[in-house]
Amino acid sequence: MLASRLIPRTAVRSSFATRTSLPTVVSPASRWRRAYASQAEEKDLVIIGGGVAGYVAAIKAGQEGLKVACIEKRGALGGTCLNVGCIPSKSLLNNSHLYHQILHDTKNRGIQVGDVKLDLAGMMKAKDTSVTGLTKGIEFLFKKNGVEYIKGTGSFVNEHEIKVALNEGGETSVKGKNIIIATGSEATPFPGLEIDEKRVITSTGALSLQKVPEKMIVIGGGIIGLEMGSVWSRLGAKVTVVEFLDQIGGPGMDSEISKQALKLLKKQGVDFKLSTKVVSGDQSGETVKLEVDSAKGGKPETLDADVVLVAIGRRPYTSGLGLENAGLEVDERGRVVIDSEYRTKASHIRCIGDVTFGPMLAHKAEEEAVAAIEYIKKGYGHVNYGVIPSVMYTHPEVAWCQLACQDQPGHGRHGQDAGGSRDGQTPGVPHHRAQCG
């Protein structure tokens, strides 16, 4: 996708100096410098983070002729999205849907199926194969566009220098005329519950469970919770979603669409407790117990499950980045403070993606990456934040763009509102194609 939208990088001159008649003498110590520590090397651009925002920015910058280094500590490019987010979840969503459909939706279609068994290990292997192929593809694009890939953990020494603790051991450093922070986000923990990714899990653990739990509780009825809850429900778990709001899908989803999605997910076997808060949790026993109550109080209840998925959102990841060494600021929610051109307090340091303002979406991060490079190279760039879509890959899939209808100014459903706009509904059931599904 990225390779098709960006122009090929132009050829650059060789960086090898003209040879003299005398051979170059290399001291033994210099041979090992890169392995343990190296002197700071200046690049046109240094990017901290190799997720969607970081790798898109790196490839775009390389194609623009900039000398680029990208620092990533995971050991694989692609960030959360490719490794433990969008891509692996879509693999499990697709394959679990096929399994569920074969079990429950073939007889009425005139298809006779024999004994159907779940091979969970095989399903996980298929997921991992998809992930590996895509991450290796990004490495290829790095090489193709002259991007130096540094595997390690980066932190600011000062406004222009980044120290990198290399994954293979040792340390190096790199200087940048321009620096982009693209360190992404991490799952928000739930107070009182210790994440072990086995019994109390985040979306990362939900992608790699070794067996189907008998009972699963999902704390949070947003997109991540509903997608992962759907996967394990289809595979045989009894899933209960606990959501503080009175609707699923998060506050951005249109309320009418949310109601319809709720009905369909309930029909598929997922239970819901809306307008409900989790008061406390206990994971000391054989099962994890949660004390829940009505959001308004007065209806306490105890729930238990083999696995609890914490899906209450994500938070910016800046741990160990050393922002203070570069004089950079974060707001009360931990987001790096930027202006309209993604510049931080230091104008040559920009920040894009989940670690700063806006929705935590991969396609939003990608657009910001392209715009940031355009600002660096050309002095202008643009992202239309009014048309960034949100998608929930349950069955059926749900998508929306811009403000939900109930959030529009002067909203008045089924008629004209004070702002002169209208809203309406077109039922899909009478459509012949819908009746054949």
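Start by selecting strand S9, residues 238–242: four of its five residues are buried (under 20% relative accessible area with a 1.4 Å probe, protein chains only; exposed would be over 50%, partly exposed in between), so the strand is largely enclosed by the rest of the structure. Helices and strands here are DSSP runs (H or I, at least four residues; E, at least two), numbered from the N terminus.

A word on what's loaded: this is a predicted model, where local features need pLDDT of at least 70 and side-chain atom pairs count only at pLDDT 80 or more, while totals for chains, interfaces and linings use all residues. Residues are numbered from 1 along each chain as its sequence is written, and side-chain values use heavy atoms, leaving out hydrogens and water.

Now add strand S8, residues 215–219. S8 and S9 run parallel, joined by five bridges (strands pair if DSSP finds at least two bridges between them). Click Lys215 and look across: its bridge partner in S9 is Lys238.

Next, helix H9, residues 223–234. Ten of its twelve residues are buried, including Leu226, Met228, Val231 and Trp232. Want a quick geometry check? The end C-alpha atoms are 17 Å apart, which agrees with the 16 Å that twelve residues should span at 1.5 Å a residue (the expected span is 1.5 Å times one less than the number of residues). After H9 comes Gly236, with a positive phi near 125°.

H9 also takes you to the second largest pocket, as H6 (86–104), H9 and H10 (255–267) each supply at least two residues of its lining. A pocket is an open set of points on a 1 Å grid over the protein atoms alone where a 1.4 Å probe fits, with protein on both sides within 12 Å along at least five of seven lines; lining residues have an atom within 4 Å of a point. This one holds about 620 Å³ of space. Of its 16 lining residues, select His100, Asp105, Lys267, Gln268 and His395, the closest to the centre. H6 gives the largest share of the lining, four residues. By type, the lining has three nonpolar, nine polar and four charged residues.

Last stop: the open sheet of three strands, in the order S11-S12-S13 with antiparallel pairing. S11 (276–282) and S13 (301–305) are the edge strands, each pairing on one side only. From one strand to the next, the twist averages 30°. S12 (residues 288–294) pairs with S13 over five antiparallel bridges; zoom in on Leu290, which stands opposite Leu303 in S13.

Definitions and conventions: Points joined across faces, edges and corners; volume = space filled by probe spheres on them. Nonpolar A, V, L, I, M, F, W, Y, C, P; charged D, E, K, R; others polar. Axes fitted to C-alpha atoms, helices over the stretch in contact; angles between N-to-C directions.
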